Amino acid sequence: MSGYPTNGPGAGYPQDGRRPVIINAYPNNGSALPKRNQTLTRPDRQPTLRRTLMRNENRPPPAARAGATSGRTLNRPTNLMPIEDDEEEPTGCWTLSSRILTFWAIGPVRALFGVGKDKAIIQAWREKMALCIIIFFCWCLMGFFTVGLQPLLCPSNDDNVKDSFLEHDSDLFSSDLVLYKGRGYSLQAVNDMLTQNNQPKIPDEFAGKNITPLFRKCADSSSVGTMCNQKYKEPCAKIYDASSAENECKIISQDRGNKEYKPQNCLNEKLMELKLVSKYRASFKWDEIKGKGTTASYTVFNGFVFEKMDTIVNENNKLSPEAKKMLKHTLSTDGTRYFLATEEMKNLSECLIQNHAVGFVYKDSMGCGLSVIITWITTIAILGVVLTRFVMAIVFSWFVSGKLAQPIPGNKIRDLHTICLVTAYSEGEEGIRCTLNSLATTTYPDKKQLLFVIADGIIMGSGNDRSTPDICVGMIVEDPKLGKAEPKSYFAIADGSKQHNMARAHAGYYIVDGHKVPSMVIVKCGTPAEAKAAKPGNRGKRDSQLLLMNFLSRVTFDDRMTPLDYDMFKKIKHICGVTPDKFEIVLMVDADTKVLPTSLSYMVTAMINDPMIMGLCGETRIANKTTSWVTWIQVFEYYISHHLGKCFESLFGGVTCLPGCFCMYRIKAPKPGTPNTYVPVLANPDIVEDYSENVVDTLHKKNLLLLGEDRFLTTLMLRNFPKRKMVFITQALCKTIVPDEFKVLLSQRRRWINSTVHNLMELVLVRDLCGTFCFSMQFVVGMELFGTSVLPAAIVFTVYLLIVLGKCIYDGTKNQEVDTLKYVWDNGPIAPLVMLFAVLGLPGILVMLTTQKVIYVLWMFVYLLGLPVWNLVLPVYAFWHFDDFSWGETRKVQGDNGDDHSKKEGKFDPSEVPLKRWHEYEKESRVRESPYIAPNSPYGPPQHSRSIPMGPRPGGPSPHMSPQGQRPFTPQSPGAAARPGGARPPMNNIPYH
């Protein structure tokens, strides 16, 4: 990276002791200025065809990317000055949809909700209401499939449903109905019809009895009166003698005093068929027909159920021996084929319908069958996803995770240069020191680390006696050779004049327990104009991350730097002994996180083993488990989110959220098959440019960028590199402090839930994630998005299903004639409850299989008791506060007046932040410091025999032409020093040794 020749390891001067010579390794617009070597390849590729995420393609990049390589054109910009973009973003599809869904929200209606007249606030409120409407629709959809599908397709037996099945032993038959050819008719309606036709009423003792023997079919089919005009047909005449009771039109209530009812003559059956409507069909199940649990003998013919068949087989009648033999075969089964075999059996079937038809075989209607099919398909699909997540999480935990972080036998062991980024805001000294101690005392080599602490503004945390910057700077031993740290300008992530910010770079070493780790503390102190503000220099956590990411991207692509970038560059080189482009990994932790000693080594080893891994995280455990009930309910939630959710996603290589408190990203990845060639990952312009968005003018952008910046960074990585991997390393552990007050938990989870919804909305649109159809990461993301949206409805319907189950169990135990378990299986909401218990019970099994710690099973029961909080209170509160972008109770500082640093204040003057290339800064620095350079010389030191002429690289592009495409950057060592005697060295670069 450096242009200095080496004299042994770490030396900066040639062996003959002469001044260092700068080797030009990159075209420099024809000027003889110092220049660093190129470091990375820019492979030629077409601009991404993916939908623009933050800005319209016609709008300029954010101001923070001024002078940097653009991810859109893949070229360096011709206009180096940032553009203040005041134009409104054109109305997009989502904005238009939100206005359509909230067409009813006219001014007076909005006033009822307390919405002001500001256009941005109105639009954010419209988007919130549109999202709430969509979420409510998802709730209704879930409710329909849970409790509405069955009644719609398979209506229950009530007065509004005609001719539906009703169990033959129902109380309704014994109290209000009579049977005619297996169908139930109202006894009152039958009596009214008989009265109208001058026939005696049927007594109440015959309720539930078969009245079919009272009616006959007329020989004259045109007869519609009470009696037949001519002789009626007697279906049993060929089976029984004329004097037999089977041929009489009368009924007897044998179990109610043998009371007899007989009309004046046989009645015309058309009275029943034309004037009355059947309400129900008496139904028999096959278990009853086959004799299970009953002594009655039944036979089935064409859906009809005949009773007393054992009596008919054994009595004296006109049936032939062959007919009786076939009749015996029909007992307790479907005898339709026997009844249709001969003419005699056909006549017998008509006689049995006349006198012994008591119902029908129960069968589902088409709607009932369809509802059952849909219910079970849905249940199997969801259970399949749940079981697949469970099994794959176990597979990853048992067989894959151990190999990820273990050195591969035979491979050369090497340590990558790693930046440990710690973002601090209002944390106390104890928490920050604990974090830095845990990072400095890891098993990873001290010389390969750089502790990079960023204090976000001059902040005095609640309860602290010193400001956060003073606490951080006081923990390192600054290198006196670097002098006093001075405020330097850089482009901040803000709007208006706050885009110009200043920061001091304090460089030195963090010394603890025999470890001496190179360290840098960046103090964002703000411009002189905001010195008296409540929080000078504060721009948010995303700005802190981008301060480093933008710096690494500019270094990687040799772009123009801000004064702060160059200041960090030279100080990092001084304390680390290498230039910043040597760093390949960045570990991000919060200032209240304690990293276990071996964690960093495990994470870096995983990065070395698989170059396709672009990001990973470890397990975050709770340090204050027993502080309050609020921390109790979080223990199992933290554990299962890692060992079920992230383990499953890791097998796909697509962890959808790397927690910002403990994660690692690859700055640049080695290109397979091409030594010393790298591809930018975290430093990729596409990533940095979208993450640098400062015009946050929609609710969607605000939820992505202001509430869940950590998750959004993961989304950007997966979106731009869908074929690379995001994984979870089970061996890497850290501990953090979680909220112990409910109001703080409420504020934290509001941000997390809303950020999750909006990030999943972006990820579900990425079609080239791992897998295909239902076995794809895209499908899993869609399921997770729907599941997050319907959490409140899920807990409500769970309670409803448990109530239904309890009622079903009560009804089954109350009825002594049925088996309770069978009754519950047939009538209870079994499928949804099986799915519910699988969702809630499998995590407990997972805990036992992964940790073998029974204590976590106890924590699971505590978590289940807190389900109403997790699934109802927190999501509903979060959804209704979609348009709340504050951090609420999560971070408290002294003197905070509630102002949001993202608000636009004043006009931004881009000229306040100069942009220069590294070699331009270097030249100015050497002009000031070197005694060999004439003060007024515009060309640097005078030429002599030992110097190397500065000019374009042989074969390079013309001096004033911008590079085309995305050029590869290949790490190369600087050229050789001038040979003794003044001979000119070769122009080619010397590869690494």
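This note comments on aromatic pairs, a helix contact and a strand arrangement in the structure above, which is a predicted model.

1. On aromatic pairs in general, a search of the whole structure returns 24 of them. One of these is formed by F306 and F339, whose rings are arranged edge-to-face, with 6.1 Å from centre to centre and 90 degrees between the planes. The pair joins distant parts of the chain, since F306 belongs to strand β10 (residues 304–306) and F339 to helix α10 (residues 336–339), the two being 33 residues apart.

2. Are the two partners of that pair buried or exposed? F306 has a relative accessible area of 0% and is therefore classed as buried, and F339, at 0% relative accessibility, counts as buried because the cut-off for that class is under 20%.

3. A further group of rings deserves a separate remark, in that W104, F113, W125 and W880 are linked by ring pairs into a cluster. W880 also has a charged neighbour, for the charged end of K128 sits over the ring of W880, at 4.1 Å from its centre. A second arrangement of this kind involves K516, which lies over the face of Y509 at 4.6 Å from the ring centre.

4. K128 and W880 appear again in a helix contact, where K128, M129, C132, I135 and W139 of α3 meet V876, F879 and W880 of α28. Sorted by character, the residues of this contact comprise 7 nonpolar, no polar and 1 charged. As for the geometry, the axes of helix α3 (residues 119–153) and helix α28 (residues 867–880) come within 9 Å of each other and cross at roughly 145 degrees.

5. Turning to the strands, how many residues of β20 are buried? Of the 10 residues of strand β20 (residues 613–622), 9 are buried, and the strand is therefore largely enclosed by the rest of the structure.

6. The pairing of β20 can be followed to two partner strands. With strand β24 (residues 725–736), β20 runs parallel, and 8 bridges join the two; within this pairing, T620 stands opposite C734 of β24. With strand β21 (residues 662–666), β20 pairs in the antiparallel sense over 3 bridges, and here G615 stands opposite Y665 of β21.

Terms used
Residues numbered from 1 in each chain as written. Predicted model: local features only at pLDDT ≥ 70, side-chain atom pairs only at ≥ 80, totals over all residues. Heavy atoms only, no water. Phe/Tyr/Trp six-rings, centres within 6.5 Å; stacked < 30°, edge-to-face > 60°. Helix = DSSP H or I, 4+ residues; strand = E, 2+ residues; numbered from the N terminus. Buried < 20%, exposed > 50% of the residue type's maximum accessible area, 1.4 Å probe, protein only. Lys NZ or Arg CZ within 6 Å of the ring centre and 35° of its normal. Axes fitted to C-alpha atoms, helices over the stretch in contact; angles between N-to-C directions. Contact = heavy atoms within 4.5 Å. Nonpolar A, V, L, I, M, F, W, Y, C, P; charged D, E, K, R; others polar. Pairing = 2+ DSSP bridges.
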